[in-house]
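Reader: I've got a fold open on my screen and I'd like to learn how to read it. Could you walk me through the features one by one?

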Amino acid sequence: MNGKKCYILDFDGTVTALDTLVVVFDKYCIVDWRELENEMRAGRKERHQTLVDEVESMKAEKEELFDFIKKNVPVRKGFFDFVKKVRENGDEIVILSGGFRSFAELFMEDAEVEAYINDIRYLGNKNWELIPCRNALPPLCSKNCSNCKRAVVEKYKNEGFKTIYFGDGETDFCGSRYADKIYATDELAEKLASENVKFTYFKDYTGIL
């Protein structure tokens with residue numbers, strides 16, 4: 001190991017206190033996006049195609065959408081102080097998400113961290129399309145994921161970093177298990193506990209500091 005740590009953070013529901021996709025889809029999808037999720041979780045629909053369909057069902061003007069996110073999605077307490085401390089220690093911090101870079105940049109424009117995130121593109125007339133993560137790594141477990149989180153964890157482990165994973169959701173389960181240490185909350189914490197995987201529960205970043 002190179003003696004450094006790499007903090008790998010999911011974005012939606014981990015950096016933010018709420019999941020931006022849930023907030024946005026609830027507001028702007030013209031179909032029942034939760035039914036699409038249920039189909040995916042039941043194995044009747046691929047995760048990537050589910051995300052494509054959800055994005056294409058969004059109907060919102062660009063500025064309206066971004067203003068809505070900034071007004072309705074808070075960042076978890078202490079996050080920016082946490083980023084500052086990580087950098088002062090000479091360690092790395094990476095944002096990892098199956099969500100959208102355009103949403104993350106509304107909060108992260110001053111953070112300047114490495115990010116592996118999908119994105120969306122505004123097509124006009126309230127229509128959107130999914131843009132796959134431009135620096136995504138080849139998937140290690142399944143091509144079903146829209147952005148392989150395990151691959152990112154393995155990349156930094158192979159470079160000699162001690163990896164510390166922060167996550168909150170079902171999509172974090174696979175990747176987090178390959179990290180050296182896990183901080184979890186919400187659905188991820190429940191899943192790890194049910195599988196007897198060791199983790200530390202967190203509510204916000206003030207406790208981590």
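Author: Sure, let's start with a definition: a residue is called buried when its relative accessible area is under 20%, exposed when over 50%, and partly exposed in between. Keep in mind that this is a predicted model.

Reader: Okay, so what share of the residues is buried here?

Author: Buried residues account for 49% of the 209 residues in the protein.

Reader: And how many helices and strands should I look for?

Author: You'll find 10 helices and 7 strands. The radius of gyration is 17 Å, close to the 17 Å that the globule rule gives for 209 residues, so the protein is as compact as a globular protein of that length. If you want a box for it, the C-alpha atoms fill roughly 50 × 35 × 30 Å along the principal axes.

Reader: Let's do charges. How do I read a salt bridge?

Author: The general idea is that side chains of opposite charge can pair when their charged atoms come close. The cut-off used is a side-chain nitrogen of Lys or Arg within 4 Å of a carboxyl oxygen of Asp or Glu.

Reader: How many salt bridges does a search of the whole structure find?

Author: The search turns up 13 salt bridges. One of them pairs R41 with E187, at 3.0 Å from N to O. That pair links distant parts of the chain, with R41 in helix α2 (residues 33-41) and E187 in helix α9, 146 residues apart. R41 counts as partly exposed because its relative accessibility is 48%, and E187 is partly exposed too, at 32%.

Reader: Where do D67 and K70 lie?

Author: Both sit in helix α4 (residues 62-72), 3 residues apart, which is about one turn of the helix. Their side chains meet in a salt bridge at 4.0 Å, N to O. With a relative accessible area of 32%, D67 is partly exposed, and K70 is partly exposed at 48%.

Reader: What is the N to O distance between E129 and R121?

Author: That salt bridge comes out at 2.4 Å. E129 is partly exposed at 25% relative accessibility, and R121 is partly exposed at 42%. Elsewhere on your screen, salt bridges that share partners join D10, K149 and D172 into one network.

Reader: What about charges that gather without pairing? Which residues form the patch of positive charge on the surface?

Author: For a patch, like charges are joined within 9 Å, using residues with over 30% relative accessible area and no salt bridge. Here K5, K162, K181 and K198 gather in a patch of positive charge on the surface. Take K198, in the loop between α9 (186-194) and β7 (200-201). K198 counts as exposed because its relative accessibility is 78%.

Reader: Now backbone angles. What should catch my eye in a phi list?

Author: Look at the sign: most residues other than glycine have a negative phi. D186 has a positive one, near 55°, and D186 isn't a glycine. D186 is found in helix α9, and at 38% relative accessibility D186 is partly exposed.

Reader: Where is N196 found, and is N196 buried or exposed?

Author: N196 is in the loop between α9 and β7. With a relative accessible area of 72%, N196 is exposed. Its phi is positive as well, about 60°, although N196 is not a glycine.

Note on methods: Residues numbered from 1 in each chain as written. Predicted model: local features only at pLDDT ≥ 70, side-chain atom pairs only at ≥ 80, totals over all residues. Heavy atoms only, no water. Patch = residues over 30% accessible without salt bridge, like charges linked within 9 Å, V, L, I, M, F, W, Y side chains within 5 Å. Areas by Shrake-Rupley, 256 points an atom, 1.4 Å probe, with all protein chains shown as cover. Lys, Arg positive; Asp, Glu negative; His and termini not counted. Charge placed at Lys NZ, Arg CZ, Asp CG, Glu CD. Helix = DSSP H or I, 4+ residues; strand = E, 2+ residues; numbered from the N terminus. Buried < 20%, exposed > 50% of the residue type's maximum accessible area, 1.4 Å probe, protein only. Rg over C-alpha atoms; globule rule 2.2 N^0.38 Å.
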